[in-house]
Protein chains: 2
Amino acid sequence: MDEVRWLDATEQEAWRAYLDTTRLLIQTLGRQLETDAGISFTDYELLVHLSEAPERRMRMRDLADATLATRSGVTRAVTRLERAGWVRRVECEDDRRGMHAELTDAGMAKLEKAAPGHVAAVREQMFDLLSSREVEQLHALCARMRKHLEAGR
Amino acid sequence: MDEVRWLDATEQEAWRAYLDTTRLLIQTLGRQLETDAGISFTDYELLVHLSEAPERRMRMRDLADATLATRSGVTRAVTRLERAGWVRRVECEDDRRGMHAELTDAGMAKLEKAAPGHVAAVREQMFDLLSSREVEQLHALCARMRKHLEAGR
DNA sequence: TGCAAGTCGTTGACACTTCAACGATCCGAT
DNA sequence: ATCGGATCGTTGAAGTGTCAACGACTTGCA
């Protein structure tokens with residue numbers, strides 16, 4: 001039965017600032033994409049992952065890992081995106097259980113149309129406010145946390 | 001028609017690291033609270049805000065601002081928490097439209113029971129991995145971003 | 001004082017996500 | 001070769017969040 005090591009005032013402030021900032025940022029980016037491009041942040045990111053994959057296609061499972069969502073979440077997202085015409089399902093040759101989600105030309109076009117506004121918003125709300133030194137520091141610290149978080153999963 | 005200032009490789013890496021880390025962190029903390037204390041991260045935070053307020057009560061609207069949720073979101077959360085016995089609604093004296101959400105003794109007890117594990121998890125996944133210098137830097141940079149985000153509503 | 005405009009909390013409708021369970025399929029040890 | 005245990009993607013059920021609209025109430029201005 002160890003003592004609890006509470007957060008001191010500095011840590012608490014940092015924690016709240018981090019939490020609030022992140023939420024505001026994600027809300028803001030989501031709203032920007034929604035109103036300017038008519039796509040949700042989640043769907044946008046899924047398309048980004050596909051666009052960066054070889055042949056613009058990924059296994060459902062890998063898509064789940066990449067987006068940090070569940071398999072069922074990806075199933076439904078892909079259904080949604082398929083209905084919009086931005087993604088198509090392609091059966092897997094080497095694994096008959098498997099499915100690929102493949103970015104269509106329309107999906108790529110959608111992405112190219114949405115990206116500039118999104119990147120501008122990310123810049124405006126984040127990178128334009130940070131020195132390159134701060135970006136490095138943030139990156140380092142996040143990478144360290146991510147490694148730890150992934151280990152304990 | 002301005003040129004798009006894309007993110008360079010360093011910025012992209014930092015951006016992904018930040019996004020993934022944040023999601024993993026929130027998922028992990030949520031899971032910890034859910035399994036060890038039987039409460040969601042959202043509900044936990046709402047209770048924390050109440051516990052820090054004078055008389056352990058807040059107007060619904062203020063609660064919405066504090067938690068960065070919508071008024072309707074708070075309405076439903078409070079209904080949920082009221083059903084669990086952790087919060088009670090109290091009518092407002094000076095504004096007959098108004099409602100207070102007030103932390104009950106049971107709610108305070110719940111909070112005191114859940115807090116140690118939560119704080120330990122926050123330490124383990126975050127503050128134990130950061131030097132105090134890094135905490136300061138993160139705080140500074142988040143505060144700057146938050147201010148900017150709040151300005152743009 | 002009276003009234004238009006705004007704010008408060010709630011609700012219905014809907015969107016998105018997760019969990020648990022499922023049938024189908026793959027794989028490794030025997 | 002087979003068989004038990006894993007993995008794959010999907011589905012139903014349930015939970016949680018948002019938006020738009022509402023009635024109730026307050027506020028500011030003429």
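This is a short dialogue about a predicted model with two protein chains, A and B, and DNA strand C.

Visitor: What are the conventions here?
Guide: Residues are numbered from 1 along each chain as its sequence is written, and chains are lettered from A and ligands numbered from 1 in the order in which they are written. In this predicted model local features need pLDDT of at least 70, side-chain atom pairs count only at pLDDT 80 or more, and totals for chains, interfaces and linings use all residues, while side-chain values use heavy atoms, with hydrogens and water left out.

Visitor: Why is the pair Glu11(A) and Arg123(B) called a salt bridge?
Guide: The term requires a side-chain nitrogen of Lys or Arg within 4 Å of a carboxyl oxygen of Asp or Glu. The N to O distance of this pair is 3.1 Å, so the pair qualifies. Between chain B and chain A the count is 12 salt bridges.

Visitor: What makes Arg89(B) a polar contact of DNA strand C?
Guide: A polar side-chain atom of Arg89(B) lies 2.7 Å from a phosphate oxygen of the strand. The rule asks for a pair of N or O atoms within 3.5 Å (within protein, one must be able to donate a hydrogen and the other to accept it, and residues adjacent in sequence count only if both atoms are side-chain atoms), so Arg89(B) meets the cut-off. A backbone N or O atom of Met99(B) lies 3.3 Å from a phosphate oxygen of DNA strand C.

Visitor: How many residues of chain B are in contact with chain A?
Guide: 53 residues of chain B are in contact (heavy atoms within 4.5 Å) with 55 residues of chain A.

Key: A residue is near a molecule or strand if one of its heavy atoms lies within 4 Å of it.
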